[in-house]
Each structure stands twice: as C-alpha cells, then as structure tokens.
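Here is a short tour of a fold, written to be read with the model open beside it. Feel free to rotate the view as you go.

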Amino acid sequence: MPKKNEGEPYYRLTLDEAAEMHGQDGVLIVDVRGTDEYGTGHVEGAISIPVDEVLSRVGELPTDQKLLFICAAGVRSGLAAEMAAAMGLDTENLYNIEDGTPAWIERQFPTSYPANG
C-alpha cells in the first residue's frame with residue numbers, strides 16, 4: 001500500500017505497487033531521467049520529462065491522472081513529485097517509485113527500448 005512520509009507531498013510506491021498500477025486507466029508514468037538514460041530502456045508507456053525540465057513543462061502533466069514519477073534510484077523522482085506539488089498539482093495524485101528504472105528492468109516488468117518505442 002502506498003505510504004506517505006510526514007512532510008512529503010507525494011506517496012511512495014514499491015516496484016510491485018507501481019507494476020500493479022502500470023497500464024491502468026488514469027495512471028501516467030513520468031520518467032525524469034535524462035534523455036540519454038531514457039533511451040537505454042524505460043517503463044513501457046512512460047513519458048520523458050527530465051527533472052530539470054519539470055517546472056517548465058508542468059503544463060504537459062495531466063491534472064486528472066495519477067502521476068508516477070520514476071528515475072534511476074528514487075531521488076530525482078521524489079524531487080520531481082515535490083516540484084509538481086509546488087506548481088499546484090493535487091498531492092493525492094503524486095507518486096514516487098522508490099526503486100528506479102534499472103530495478104524495474106531487472107524485475108522484467110514491461111519495458112520499452114528505442115528499437116521498439
């Protein structure tokens with residue numbers, strides 16, 4: 001079950017919780033790693049918005065969906081979730097996937113590579 005730590009404007013998700021939510025209606029995964037990292041493999045269906053572009057591209061984030069942020073290890077994704085909250089997005093829809101994309105790929109969860117989109 002997603003948990004919320006005191007002072008954090010988002011929920012924390014394990015990989016299993018994120019995999020369970022993956023592909024559901026109303027759920028968008030946002031990969032906040034650099035575009036070079038994204039190109040090496042990413043969660044299937046994830047959009048790429050590098051963490052340093054979150055503030056300038058916040059308008060691209062839907063306000064009516066759960067946003068699951070992911071990076072390589074859970075640090076940049078937490079920062080991105082905090083930025084989204086600071087820009088007025090509903091904190092009930094913000095999630096940080098605690099383990100990152102390399103762990104997602106290692107667990108053989110649905111992954112896309114440049115050759116297959």
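The report below goes from the sheet to a helix that packs on it, then to the salt bridges and two single residues. Please keep in mind that this is a predicted model.

**The sheet**

Let us begin with the strands. Five of them form an open sheet in the order β1-β6-β5-β2-β4, and the pairing is parallel. At the edges stand β1 (11-13) and β4, each of which pairs on one side only. Strands in a sheet are held together through backbone hydrogen bonds, in either a parallel or an antiparallel arrangement.

Strand β5 is a good place to look more carefully. On one side, β2 (residues 27-31) pairs with β5 in the parallel sense over five bridges, and Asp31 stands opposite Ile70 of β5. On the other side, β5 runs parallel to β6, joined to that strand by three bridges. Here Leu68 has Tyr95 in β6 as its bridge partner. How enclosed is β5 by the rest of the structure? Four of its five residues are buried, so β5 is largely enclosed.

**The helix on the sheet**

Helix α3 packs on this sheet, where it touches β5 and β6, and its direction makes about 170 degrees with that of β6. Together, β5, α3 and β6 make up a β-α-β unit that is right-handed.

Does the length of α3 agree with what its residue count suggests, or disagree? At 1.5 Å a residue, the twelve residues of α3 (residues 75-86) should span 16 Å, and the end C-alpha atoms are 17 Å apart, which agrees.

The buried residues of α3 are Ser77, Gly78, Ala80, Ala81, Met83, Ala84 and Ala85. They pack against β5 (66-70) and β6 (94-97). An α-helix has 3.6 residues a turn, so residues three or four places apart point the same way. After the helix comes Gly88, with a positive phi near 100 degrees.

**Salt bridges**

Across the whole structure, a search finds nine salt bridges. Three of the pairs are set out here with the distance between their closest N and O atoms.

| Acidic residue | Basic residue | N to O distance |
|---|---|---|
| Asp16 | Arg107 | 2.4 Å |
| Asp31 | Arg33 | 2.8 Å |
| Glu53 | Arg57 | 2.7 Å |

Take the salt bridge between Asp16 and Arg107 to begin with. This pair links distant parts of the chain, 91 residues apart: Asp16 belongs to helix α1 (residues 15-21), while Arg107 is in the loop between α4 (101-106) and β7 (111-112). Asp16 is partly exposed, its relative accessible area being 43%. Arg107 is partly exposed too, at 41% relative accessibility.

The salt bridge of Arg33 with Asp31 has another setting. Are its two residues buried or exposed? Arg33 has 4% relative accessibility and counts as buried. Asp31 is buried as well, with a relative accessible area of 0%.

As for the salt bridge of Glu53 with Arg57, Glu53 is partly exposed at 29% relative accessible area. Arg57, at 21% relative accessibility, also counts as partly exposed; the cut-off for buried is under 20%.

Salt bridges also link four residues into a network, made up of Lys3, Glu8, Arg12 and Glu98.

**Two residues to look at**

Ser48 sits in strand β4 (residues 47-48). With a relative accessible area of 19%, Ser48 is buried, since buried means under 20%. Which residues does Ser48 contact, leaving aside its neighbours within four places in sequence? They are Asp31, Thr35, Tyr38 and Arg57. Two of these have come up already: Asp31 forms a salt bridge with Arg33, and Arg57 forms one with Glu53.

Gln108 offers another thing to check. Its phi is positive, near 60 degrees, in a residue other than glycine. Gln108 lies in the loop between α4 and β7, the loop that also holds Arg107. Is Gln108 buried or exposed? Its relative accessible area is 70%, so Gln108 is exposed.

Terms used:
Residues are numbered from 1 along each chain as its sequence is written. This is a predicted model: local features need pLDDT of at least 70, side-chain atom pairs count only at pLDDT 80 or more; totals for chains, interfaces and linings use all residues. Side-chain values use heavy atoms; hydrogens and water are left out. Helices (H or I, at least four residues) and strands (E, at least two) are DSSP runs, numbered from the N terminus. The expected span of a helix is 1.5 Å times one less than its number of residues. Buried means under 20% relative accessible area, exposed over 50%, partly exposed in between (1.4 Å probe, protein chains only). Contact means heavy atoms within 4.5 Å. A salt bridge is a side-chain nitrogen of Lys or Arg within 4 Å of a carboxyl oxygen of Asp or Glu. Two strands pair if DSSP finds at least two bridges between them. A crossover is right-handed if, with the strands pointing away from the viewer, the path from the first strand over the helix to the second runs clockwise. Axes are lines fitted to C-alpha atoms, for helices over the stretch in contact, and angles run from 0 to 180 degrees between N-to-C directions.
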